[in-house]
Amino acid sequence: MVAKACAPFNANYSIKSFLTLITHYSTLTTQSIRKLNLKLDLSDIIKAKKKIVILTGAGISTESGIPDFRSPGGLWSIYRTVTIQEFLANEEDRKYYWQYKRESYKNIVKANPNDGHNALVTLEKKGKLQCLITQNIDGLHQIAGNSSNLILELHGTDRQVICLKCSKLYNRDEIQAHLERSDDVPVCDDCGGWLKPATVSFGQNLQPQIIEQAMYESEHCDAFLVIGSSLTVHPAALLPEHAKRSGAWLGILNGDPTPLDSFSDWVCHDPAGQVLQKAINITI
Ligand SMILES: [Zn+2]
């Protein structure tokens, strides 16, 4: 479920320029980061800005009951990670990977959008949502009602399964039913290729066009709001900094401090759903 276009795509925005930015930003020092400006309220900003880009991470979905798999006790601390190379090379790794996916999907399929997701639907209805970039693979933004063509899923989606040989897409619920019946690795009906969730695995490259478009959106917004991301995973962590350096207001709404807090115009560590409902539903 990949967005086609949030805005006119700039084909000149190459991976090379993106890598240049990584190098540039990695040289930043805390001394160069200006002081916080917390005077403005989020509702004031949402009222004033017209082209808002949102970046969401696991933190927005924890309020829907989907655990952050990176957190202590999360599934990533129980299951070892399987790289795409291991998946391709070993049947046992493919089986192990699917066992993990079978269990993690149970949390996803029973989750419903929360106040935070719903507030972003309101933001879109009011015509202020330029693009919704997400690190999440749970599909809850679409279920809440945001338009698919405004959503960029950086890490793919767990709601679909793809054949690694012919790229045929399958509904995830059908594959989940297979997994509940058998430990056999699911294969493609058409070509016999191995099936894998349409997510970006460890060792697998993100889709270049998705990264490039996310960078483009970050560069052409007037406000960039991070919601529920620790901003420790690249390339997502680079996007807010790119937006800010391109002239946008930058806000961070996350339960824990992030590396960009001191660089941002607004920071809040309160629960996302409650803050967004108040800021978005009341002010617009
Ligand atoms: Zn196939």
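# Briefing on a predicted chain: A58, a three-stranded sheet and helix 7

Beyond the neighbours within four places of it in sequence, A58 makes contacts with D68, N136 and G228. The model described here is predicted. Its chain has 284 residues, of which 39% count as buried, and its secondary structure amounts to twelve helices and nine strands. Among contacts in the chain with a separation of 6 or more, 73% are between residues 24 or more positions apart.

**A58 and its surroundings**

- A58 belongs to helix 3, which covers residues 58-62.
- A58 counts as buried because it has 22 C-beta neighbours inside 10 Å, where the cut-off for a buried residue is 20 or more.
- N254 is separated from A58 by 196 residues in sequence, yet the C-alpha atoms of the two are 9.9 Å apart in space.

**The sheet of strands 5, 4 and 6**

- Three strands form an open sheet in the order 5-4-6, and their pairing is antiparallel.
- Strand 5 (169-171) and strand 6 (195-199) each have a single partner strand and stand at the edges, so one side of each has no neighbour in the sheet.
- On average, and with direction ignored, neighbouring strands of this sheet are turned by 45° against each other.

**Pairing within the sheet**

- Strand 4, made up of residues 156-163, pairs with strand 5 through three bridges in the antiparallel sense.
- Q160 has N171 of strand 5 as its bridge partner.
- Strand 4 and strand 6 also run antiparallel, and four bridges join them.
- C163 is placed opposite L195, a residue of strand 6.
- Strand 6 is largely enclosed by the rest of the structure, because four of its five residues are buried. Strand 6 is nevertheless an edge strand of the sheet, with a single partner strand.

**Helix 7 and the residue after it**

- Helix 7 spans residues 115-125, and its buried residues are D115, G116, H117, A119, L120, L123 and E124.
- G127, just after helix 7, adopts a positive phi of about 75°.

Technical notes: Residues are numbered from 1 along each chain as its sequence is written. This is a predicted model: local features need pLDDT of at least 70, side-chain atom pairs count only at pLDDT 80 or more; totals for chains, interfaces and linings use all residues. A residue is buried if 20 or more other C-beta atoms lie within 10 Å of its own, exposed if 12 or fewer, and partly exposed in between; C-beta atoms are placed from the backbone. Helices (H or I, at least four residues) and strands (E, at least two) are DSSP runs, numbered from the N terminus. Two strands pair if DSSP finds at least two bridges between them. Axes are lines fitted to C-alpha atoms, for helices over the stretch in contact, and angles run from 0 to 180 degrees between N-to-C directions. Two residues are in contact if their C-beta atoms, placed from the backbone, lie within 7 Å.
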